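Welcome! Please open the model in your viewer and keep the selection tool at hand. We will go from stop to stop, with something to pick and something to look at each time.

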Amino acid sequence: MAEPMPVSRVRPAPVSRRARPSKAPLSREVIIDTGLRVLDAEGLAALTMRRVAQELDTGAASLYVYVANRDDLMAAMLDHVLGSVAEPDDGIWRERLIAVIESTVAVMSRHEGLAFVALAATPTGANALRLIDRMRGLLADAGVDERTVDWAVELLYLHITAAAAEQSAGHAARAPESGTRRLGQADRVPVTAPVRRSGDGDTRATWAVRALIDGILATPAR
């Protein structure tokens, strides 16, 4: 009986490195944009240096040339987002200040966790400092003295970050749960829940800003 012929295994032809699509060059801006995409698609828990590196088809070590760590990345993401705050030039100083505050709350709250970064750190990014200078200028236009402006801007920024954190938690609670996203953060915000149910949220938010501005005008720092 004849022996069976050996089966020859055809090896796949090697793929030349030149034939592969080239990777996009890394930069701080590319890493920030990718971090925001991961955050918005998968949630705060999924935002790790390793996950961002995976999205960029590289190793996590490569990212540390451009960002120091995850906290540095999130701070950079926050400042990037603040660059989209609308700064209207029309209207009286009060209308423009309210518009800046409301726009800042809106853009910050769209990205889970960024408001908590703002609450925990002193603003140092270029966009954050420009926002603060904008609020300082509008209060100065109202005739507020310099010391009161210093304290008022600190108070307004604290309100912005707290309001954005509350809205962000609300967005997360309404979002469908998927993959790595969890709603635990939104579930642990019981203090303001009765207030949110007591009336229209937009009306309450507008009233809060008006109350702060009126209080600043009526209470100079001494």
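**Stop 1: Thr104**

Start by selecting Thr104, and show its neighbours. Leaving aside residues up to four places away in sequence, Thr104 touches Leu82, Val85, Leu131 and Ile160. The model is a predicted one, so please keep that in mind throughout the tour. Is Thr104 buried or exposed? Thr104 is buried, because its relative accessible area is 0%, and the cut-off for buried is under 20%. Now add Ser84 to the selection: 20 residues separate Thr104 and Ser84 along the chain, and their C-alpha atoms are 8.5 Å apart.

**Stop 2: helix α5**

Thr104 belongs to helix α5, so let us widen the view to residues 93–109, which make up α5. Twelve of the 17 residues of α5 are buried, so this helix is largely enclosed by the rest of the structure. Colour the buried ones if you like: they are Trp93, Arg96, Leu97, Ile98, Val100, Ile101, Ser103, Thr104, Val105, Val107, Met108 and Ser109. Next, place a distance marker between the C-alpha atoms at the two ends of α5. At 1.5 Å a residue, its 17 residues should span 24 Å, and the end C-alpha atoms are indeed 24 Å apart.

**Stop 3: the whole chain**

Zoom out for a moment. How many helices and strands does the protein chain have? There are eleven helices and zero strands. Of the 222 residues in the protein chain, 36% are buried. The chain also brings together residues from separate parts of the sequence: among contacts between residues at least 6 apart in sequence, 70% join residues at least 24 apart.

**Stop 4: Met135, Leu139 and the core**

Select Met135, in helix α7 (residues 126–141). Met135 is buried, with a relative accessible area of 0%. Apart from residues up to four places away in sequence, Met135 touches Leu97, Val100, Ile101, Val153, Leu156 and Ile160. Ala152 is 17 residues from Met135 along the chain, and the C-alpha atoms of the two are separated by 9.2 Å.

Move on to Leu139. With residues up to four places away in sequence again left out, Leu139 touches Trp93, Leu97, Val144, Val149, Ala152, Val153 and Leu156.

Which residues have the most contacts inside the largest nonpolar core? They are Leu97, Met135 and Leu139, in a core of 52 residues. At least two residues of this core come from each of α1, α2, α4, α5, α6, α7, α8 (146–174) and α11 (201–218). The largest share, nine residues, is supplied by α8.

**Stop 5: helix α1**

Now select residues 28–42, helix α1. Its 15 residues should span 21 Å at 1.5 Å a residue, and the separation of its end C-alpha atoms, 21 Å, agrees. The buried residues of α1 are Ile31, Ile32, Thr34, Gly35, Leu36, Val38 and Leu39. To see what they pack against, show α2 (49–55), α3 (60–63), α4 (70–82) and α6 (114–120).

Stay in α1 and pick Asp40. Asp40 is partly exposed, with a relative accessible area of 37%. Arg110 is 70 residues away from Asp40 along the chain, yet the C-alpha atoms of the pair are separated by 8.3 Å. Just after α1, look at the backbone of Gly43, which takes a positive phi of about 95 degrees.

**Stop 6: Asp57**

Follow the chain to the loop between α2 and α3, where you will find Asp57. Most residues other than glycine have a negative phi. Asp57 has a positive one, near 55 degrees.

**Stop 7: the second largest pocket**

For the last stop, select Ala75, Leu78, Pro123, Thr124 and Gly125. Of the 16 residues that line the second largest pocket, these lie nearest its centre. The elements giving two or more residues to this lining are α4 and α6, and the largest share, six residues, comes from α4. The volume of the second largest pocket is about 190 Å³. Try colouring its lining by class: you should find ten nonpolar, three polar and three charged residues.

Definitions and conventions
Residues are numbered from 1 along each chain as its sequence is written. This is a predicted model: local features need pLDDT of at least 70, side-chain atom pairs count only at pLDDT 80 or more; totals for chains, interfaces and linings use all residues. Side-chain values use heavy atoms; hydrogens and water are left out. Helices (H or I, at least four residues) and strands (E, at least two) are DSSP runs, numbered from the N terminus. The expected span of a helix is 1.5 Å times one less than its number of residues. Buried means under 20% relative accessible area, exposed over 50%, partly exposed in between (1.4 Å probe, protein chains only). Contact means heavy atoms within 4.5 Å. On a 1 Å grid over the protein atoms alone, a cavity is a set of points where a 1.4 Å probe fits but cannot get out, and a pocket is an open set with protein on both sides within 12 Å along at least five of seven lines; lining residues have an atom within 4 Å of a point. Grid points are joined across faces, edges and corners, and a volume is the space filled by probe spheres set on the points. Ala, Val, Leu, Ile, Met, Phe, Trp, Tyr, Cys and Pro count as nonpolar, Asp, Glu, Lys and Arg as charged, and the others, Gly among them, as polar. A nonpolar core is a set of buried Ala, Val, Leu, Ile, Met, Phe, Trp, Tyr and Cys residues joined through side-chain atoms within 4.5 Å.
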